[in-house]
Protein chains: 2
Amino acid sequence: MSRVRVHNLTISLDGYGAGEPRTADAPFGHGAHIMDWFKATRSFHGMVGDPAGGETGIDDDFAGRWGEGIGVEVMGRGKYAPGSGTWPEEWRGWWGEEPPFHTPCVVLTHHPREPLELAGGTTFHFLDASPADALARARELAPGTDVRLGGGVTTVRAFLEAGLVDYLHLAIAPVLLGRGSRLWGEGLEGLEHQFEDVRVTSTPSGTTHVEFERP
Amino acid sequence: MSRVRVHNLTISLDGYGAGEPRTADAPFGHGAHIMDWFKATRSFHGMVGDPAGGETGIDDDFAGRWGEGIGVEVMGRGKYAPGSGTWPEEWRGWWGEEPPFHTPCVVLTHHPREPLELAGGTTFHFLDASPADALARARELAPGTDVRLGGGVTTVRAFLEAGLVDYLHLAIAPVLLGRGSRLWGEGLEGLEHQFEDVRVTSTPSGTTHVEFERP
């Protein structure tokens, strides 16, 4: 059974997954600090070539689960590259020549283009599709594996509203952004009823990990 | 030094302190369940005449701190009584003939009226005033004590925006209301910088207690 999982989706206490304005140099706008908990973990340090750096502990335990059993990621365009509208020819995304995904990735966009294969096993596939159709394509690309839904918050909200998420891990940073891209919306009223288990774990960094999981 | 303290202010994961519509029979609208953690505590049971009932534990430890050193409460009109606009003559508030406050209470309203003294030491004083002026009046009523800021979220937000809160205890329930009265707003961007300490404690009920405290 292939599940759809969200890991390490970080929001401020007031629900923003990114601040304003989002630019090429500041993907989180004024909200980069919501990711401090993640950047402090050994898992993150490992992703950026410093496997002995960072801290272990509960935050790291959560951070490190993003890859287990995952064969493909679905992400919104904003996680792939800055801006909106048609693509500059040369855009190859935020992630450099060897992105940390190492799997196929489906990028949701209203401006599909040819797939982009990069080093280390990451190929970006660009799709203008509903959440359900995006999942179908992801499962074609990596049959029998779990699908990671990578964010950002607008993309995750759409999948939650469609009832398509099996596991949602939120990390809540104890800061207030005041403005930006908000995860929550009217369409998520009673979201907890979609899930069997709701678990909440606070950590010494001041982070609150909230997990919603279907049986 | 008289401090201004907020205790047990409960919000949903998406930041709502009450749902919709708020009526005399449903003070929290469709959001009454956000208070389940509080109603399960021994402290709450004690307030309603059942001192041996309810549960002890971390949730109860938080719930029970609301009265220590407090000599007066400031509350928004919505915590005193349903509705808005001018007062029906007979309105004596939500809280019955012996309210649980047992201190003077300042009720913020655009429609001041004569004070109302009830059994057990609770007297409601009705004031059309700014947050700073309301605190000045509260301190006249109970010199040398701490002031509890009782809610609802609109009232607390106004005091936070004015930088007038010394201790804020939020309880976050792991549910999504989708709509209602929201605590957060643009004016609270960077709120955490007002406070020296930020502490986060999750409990077995799924509640997250967030404390912001000035030195």
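**Figure 1. Chain A as a whole.** Buried residues, meaning those under 20% relative accessible area (exposed is over 50%, partly exposed in between; 1.4 Å probe, protein chains only), make up 51% of the 215 residues in chain A. The model is predicted: local features need pLDDT of at least 70, side-chain atom pairs count only at pLDDT 80 or more, and totals for chains, interfaces and linings use all residues. Residues are numbered from 1 along each chain as its sequence is written, chains are lettered from A and ligands numbered from 1 in the order in which they are written, and side-chain values use heavy atoms, with hydrogens and water left out. Chain A has six helices and 11 strands; helices (H or I, at least four residues) and strands (E, at least two) are DSSP runs, numbered from the N terminus. Its C-alpha trace spans about 45 × 35 × 35 Å along the principal axes. The radius of gyration of chain A is 16 Å, which agrees with the value near 17 Å for a compact globule of 215 residues; this radius is taken over C-alpha atoms, and the globule rule is 2.2 Å times the number of residues to the power 0.38. Of the contacts (heavy atoms within 4.5 Å) in chain A between residues at least 6 apart in sequence, 62% join residues at least 24 apart.

**Figure 2. The largest cavity, with lining residues from chains A and B.** A cavity is a set of points, on a 1 Å grid over the protein atoms alone, where a 1.4 Å probe fits but cannot get out; lining residues have an atom within 4 Å of a point. Grid points are joined across faces, edges and corners, and a volume is the space filled by probe spheres set on the points. One cavity of 30 Å³ or more is counted, and the largest cavity has a volume of about 40 Å³. Chain A lines it with A:Ile11, A:Leu13, A:Ile172 and A:Trp184, and chain B with B:Ile11, B:Ser12, B:Leu13, B:Gly15, B:Ile172 and B:Trp184. Eight of the lining residues are nonpolar, two polar and none charged. Ala, Val, Leu, Ile, Met, Phe, Trp, Tyr, Cys and Pro count as nonpolar, Asp, Glu, Lys and Arg as charged, and the others, Gly among them, as polar.

**Figure 3. Helix H6 of chain A (residues 153-161).** The buried residues of this helix are A:Val153, A:Thr155, A:Val156, A:Arg157, A:Phe159 and A:Leu160. After H6(A) comes A:Gly163, with a positive phi near 70°.

**Figure 4. A:His33 in a loop of chain A.** The loop runs between strand S2 (16-18) and helix H1 (36-39). A:His33 counts as partly exposed because its relative accessibility is 31%. Neighbours within four places in sequence aside, A:His33 contacts A:Val175, A:Leu177 and B:Glu192.

**Figure 5. B:Tyr16 in strand S2 (residues 16-18) of chain B.** B:Tyr16 is buried, with a relative accessible area of 8%. Not counting residues up to four places away in sequence, B:Tyr16 touches A:Arg182 and several residues of chain B, including B:Thr10, B:Ile34 and B:Leu177. The C-alpha atoms of B:Tyr16 and B:Ile34 are 9.2 Å apart, with these positions 18 residues apart along the chain counted as their separation.

**Figure 6. B:His125 in strand S6 (residues 123-127) of chain B.** B:His125 is buried at a relative accessible area of 15%. Its contacts, leaving aside neighbours within four places in sequence, are B:Pro104, B:Cys105, B:Val106, B:Val107, B:Pro115, B:Arg137 and B:Leu141.

Technical notes: On a 1 Å grid over the protein atoms alone, a cavity is a set of points where a 1.4 Å probe fits but cannot get out, and a pocket is an open set with protein on both sides within 12 Å along at least five of seven lines; lining residues have an atom within 4 Å of a point.
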